[in-house]
Amino acid sequence: MRTLSNVLVTGGAGFIGVNFIHTLLNRTPAFTGRIINLDALTYAGNAASLADIEKQFGNSNTTGTARYFFEHGNICDRSFVETLFKKYDIDTVVHFAAESHVDRSILGPEAFIKTNVMGTFTLLDAARAYWQNSNTADKLFHHISTDEVYGSLGETGYFTETTAYDPRSPYSASKASSDHLVMAYHHTYGLPVTLSNCSNNYGPFQFPEKLIPLMILNMLEGKPLPVYGDGKNIRDWVYVEDHNSAVWAVMQKGVTGEKYNIGGENEWENIKLLDTLIGIVSEKARLDPVKVRGAIIYVKDRPGHDRRYAIDCSKIKRELGWQREVSFEAGLEKTVDWYLANTAWIDGIRSGEYQKWVERNYGGRG
Ligand code: NAD
Ligand code: TYD
């Protein structure tokens, strides 16, 4: 087991990062270190999601035992990143920060190249420089990636850790580039890295541009439910806390230089998933399911829309003893409950710059 003391979490104000920080500080007694959250607070980042953590573990807590530090900045800013390595004597990096939405990458790829490629490079190079004369046995750079780097599957087969990369969208191409850089830094410079490729996450704090939260909110607001193409594209869904428990397992026990696939073994056609979600939301929010189903509209397909993703995650189960704990039904229920209970969070994140962007690009349908 690695001792992780000063952990730099990038993108900790985004969906998966927020859940990760909550889990590590509130529900992981084995973790006794500090978290330094470096986030640029783009449209997808929301510092308010960590207000409780700030209060309990931040600098302002009354006991003077701070374990959580928020640093507002950009992962592409080399000198700022270097300052953080020194200031907190960083021994572990968990790199979540990214531009993460495929549709946005189609409309504006440049930000994806900057953050996902150049940002990852900047972090890797800063870690290499800071750790170069020290014992790397107690250092780790864990890179969070996606199954989308593997491309698109036909009706059968699964992505394994040895599947050749075949990214199709600017988003997945930028993530594939970052994965290659991470491995190159290991092979060339001996940087202690691990990498994980996960399937589609869902759960609390997800920005309402991704399928599940977008559909929940549109149902609650009586808006159309836009299904791309024929609705038969398939994704594998994993509850965000199960993803994060896998990340934690890799951080503690993963072999450096290795990559691990993470998935829910839970494939759904989009239209069938939507039907299930309509059932849950209608019941909880007392809506008429027939009327909600009537709001489904088939819209123009996403360009280059990958048909099917499916993950073989037997390696992480076998080698690190990880397993999922949340069934899809239970996870969807928790997620819907969370969005019903957190209207202030939703109002906050949908205001300002994000709303203007949605108006410009989608005519306000977000
Ligand atoms: P997100 O879009 O919700 O959050 C991204 C966070 O990164 C935000 O807080 C944002 O402010 C921050 N950020 C963006 N650019 C930055 C920059 N240049 N400098 C500093 N911070 C910056 O993303 P997410 O869904 O939480 O995804 C996190 C990671 O997990 C990403 O690397 C993504 O590729 C990967 N991933 C996501 C999924 C999924 O289903 N959401 C699945 C597999 C892998
Ligand atoms: P998304 O949540 O954007 O994740 P990803 O594209 O990274 O898998 O989309 C999940 C699936 O849902 C994908 O096949 C595209 C589809 N989709 C729709 O049909 N309608 C929508 O409004 C959105 C956002 C996605």
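**Exercise 1.** In this predicted model, find the sense in which strand 6 and strand 10 pair, and the number of bridges.

*Solution.* Strand 10 covers residues 259-262. Four bridges link strand 10 to strand 6, and the pairing is parallel. As a point of reference, Ser196 lies opposite Tyr260 of strand 10.

**Exercise 2.** Describe how strand 5 is joined to strand 6, and name the unit that they make with helix 6.

*Solution.* Start with the bridges: strand 5 (residues 140-146) is joined to strand 6 by six of them, and the two strands run parallel. One opposite pair is Thr146 and Cys198 of strand 6. Next, add helix 6, residues 170-189. Strand 5, helix 6 and strand 6 together form a β-α-β unit, and this unit is right-handed.

**Exercise 3.** Sort the residues of strand 6 by the way they point, and state whether they are buried or exposed.

*Solution.* Strand 6 spans residues 193-198. Val193, Leu195 and Asn197 point one way, while Thr194, Ser196 and Cys198 point the other way. Residues of both groups are buried, so the count is six of six, taking buried as under 20% relative accessible area.

**Exercise 4.** Classify the packing of helix 1 (residues 15-27) against helix 8 (residues 240-253).

*Solution.* Two values are needed, because packed helices are described by the angle and the distance between their axes. Here the angle is about 65 degrees and the axes are 10 Å apart. Helix 1 is therefore roughly perpendicular to helix 8. The residues in contact include Phe15, Phe20 and Arg27 of helix 1 and Val240, Trp248 and Met251 of helix 8. Finally, the crossing of helix 1 past helix 8 is right-handed.

Note on methods: Residues numbered from 1 in each chain as written. Chains lettered and ligands numbered in written order. Predicted model: local features only at pLDDT ≥ 70, side-chain atom pairs only at ≥ 80, totals over all residues. Heavy atoms only, no water. Buried < 20%, exposed > 50% of the residue type's maximum accessible area, 1.4 Å probe, protein only. Pairing = 2+ DSSP bridges. Right-handed = clockwise from strand over helix to strand, strands pointing away. Axes fitted to C-alpha atoms, helices over the stretch in contact; angles between N-to-C directions. Parallel < 35°, antiparallel > 145°, perpendicular 65-115°, else oblique. Left-handed = near helix turned anticlockwise from the far one by under 90°. Contact = heavy atoms within 4.5 Å.
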